[in-house]
Amino acid sequence: MKKDNIDNLEKWRPMATVADYLGVSRETVLQWIEKKGMPAHKVGRQWKFKISEIDEWIRSGEASDENTEERTQSRGSD
């Protein structure tokens, strides 16, 4: 891979950066991962995020409270 391509790749962001970006606590981010399907990737013991995935998740409406209720109900019927 050329250096130019590497420079254009989106960086993985840590939990603290994403919590600050969204203006919420670490605990809220963890709840959103669990209950709302927030896009996150576990690398070892750390959560990593792509800001573009977070923005798309919010824009798609998956972050809304209605989707939390649907997700909880579908888990209960498994």
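**View 1. The largest nonpolar core of the predicted model holds eleven residues.** Its members are M15, V18, A19, V29, I33, M38, A40, F49, I51, I54 and W57. Three elements each give two or more residues to this core: α2 (15–22), α3 and α4 (51–60). In soluble globular proteins, nonpolar side chains tend to be buried together.

**View 2. I54 and its contacts beyond the local sequence.** Neighbours within four places in sequence are left aside here. I54 then contacts L22, M38, P39 and F49. Among these partners, M38 and F49 belong to the largest nonpolar core, as does I54 itself.

**View 3. Helix α3 spans residues 26–36.** V29, I33 and K36 are buried in this helix. Viewed down the axis of α3, the buried residues fall within an arc of 120 degrees, so they line one face of the helix. An α-helix has 3.6 residues a turn, so residues three or four places apart point the same way. V29 and I33 are also members of the largest nonpolar core. G37 follows α3. The phi of G37 is positive, near 70 degrees.

**View 4. Three strands form an open sheet in the order β1-β3-β2.** Pairing is antiparallel. β1 (13–14) and β2 (41–43) are the edge strands, each paired on one side only.

**View 5. Pairing of β2 with β3.** Strand β3 covers residues 46–49. Three bridges join β3 to β2, and the two run antiparallel. V43 has Q46 of β3 as its bridge partner. F49, in the largest nonpolar core, lies within the range of β3.

Notes. Residues are numbered from 1 along each chain as its sequence is written. This is a predicted model: local features need pLDDT of at least 70, side-chain atom pairs count only at pLDDT 80 or more; totals for chains, interfaces and linings use all residues. Side-chain values use heavy atoms; hydrogens and water are left out. Buried means under 20% relative accessible area, exposed over 50%, partly exposed in between (1.4 Å probe, protein chains only). Helices (H or I, at least four residues) and strands (E, at least two) are DSSP runs, numbered from the N terminus. The arc is that of the directions from the helix axis to the C-beta atoms. A nonpolar core is a set of buried Ala, Val, Leu, Ile, Met, Phe, Trp, Tyr and Cys residues joined through side-chain atoms within 4.5 Å. Contact means heavy atoms within 4.5 Å. Two strands pair if DSSP finds at least two bridges between them.
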